[in-house]
Amino acid sequence: MKSLSFKEPWVSSYVERLLGLSAATKRAIISVLEKSLGERKEPKKGFSDKFWSACGAWDSPESAEELAASIRSARTVNPDREAL
C-alpha cells in the first residue's frame, strides 16, 4: 500500500482548504473523524475462549478424572464384545 505524503497534489489541495477553515470547524471535523475511527480496543493476547471451544476444550470445575468416573458410573449396560 502506498503511503500518502503532502507532495501529492490532491492531498496538498485538501490540506490547503482545511488550513483556511475556522478553529471551530477544524475541531468539528476532528471530532467526526475520531468518531469514525471507532473505539480503540487493546489487542487480545493468547487464544480466545471461542478458539478453545472450537478445538473441543473442556471447561468445567471438575477434573478430567472426575469426569471419566462420572461417565463410567452413569453406564447401565456393559456390552458384550466379541473376540476378534
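A charge counts as sitting over a ring when NZ of Lys or CZ of Arg is within 6 Å of the ring centre and within 35 degrees of the ring normal. Keep that in mind for Arg-17, which we'll get to shortly. One caveat up front: what you're looking at is a predicted model.

**The overall picture**

The protein chain has 4 helices and 0 strands, so there's no sheet to look for, given that strands are counted as DSSP runs of at least two residues. Walk along the sequence and the pattern reads α-α-α-α. Of the chain's 84 residues, just 2% count as buried. The accessible surface adds up to about 8800 Å², and carbon and sulfur atoms own 58% of that.

**Around Tyr-14**

How many aromatic pairs does the structure hold? There is 1. Trp-10 and Tyr-14 make it, meeting edge-to-face with 6.2 Å centre to centre and 85 degrees between the planes. That label applies because plane angles over 60 degrees count as edge-to-face. Both residues sit in helix H1 (residues 9–19), 4 residues apart, or about one turn of the helix. Tyr-14 has another partner too: Arg-17 lies over the face of its ring, 6.0 Å from the ring centre.

**Helix H2 and the nonpolar patch**

Over in helix H2, which spans residues 23–37, you'll find Ile-29. Ile-29 joins Leu-18, Leu-21 and Leu-33 in a nonpolar patch on the surface, and together they offer about 310 Å² of accessible area. Lys-26 is in helix H2 as well. Setting aside neighbours within four places in sequence, Lys-26 is in contact with Leu-18, Leu-19 and Leu-21. Two of those contacts, Leu-18 and Leu-21, are patch members.

**How open are these side chains?**

Here are four of the residues named above, with their relative accessible areas.

| Residue | Relative accessible area | Class |
|---|---|---|
| Trp-10 | 45% | partly exposed |
| Tyr-14 | 48% | partly exposed |
| Lys-26 | 31% | partly exposed |
| Ile-29 | 32% | partly exposed |

Why does Ile-29 count as partly exposed? Its relative accessibility is 32%, and partly exposed covers the range between the buried limit of 20% and the exposed limit of 50%. Tyr-14, at 48%, is partly exposed for that reason too.

Note on methods: Residues are numbered from 1 along each chain as its sequence is written. This is a predicted model: local features need pLDDT of at least 70, side-chain atom pairs count only at pLDDT 80 or more; totals for chains, interfaces and linings use all residues. Side-chain values use heavy atoms; hydrogens and water are left out. Patches are made of residues with over 30% relative accessible area and no salt bridge: like charges are joined within 9 Å, nonpolar side chains (Val, Leu, Ile, Met, Phe, Trp, Tyr) within 5 Å. Accessible areas come from the Shrake-Rupley method with a 1.4 Å probe; for residues, only the protein chains shown count as cover. A salt bridge is a side-chain nitrogen of Lys or Arg within 4 Å of a carboxyl oxygen of Asp or Glu. Buried means under 20% relative accessible area, exposed over 50%, partly exposed in between (1.4 Å probe, protein chains only). Rings of Phe, Tyr and Trp (its six-membered ring) pair if their centres lie within 6.5 Å; planes under 30 degrees apart count as stacked, over 60 as edge-to-face and the rest as tilted. Contact means heavy atoms within 4.5 Å.
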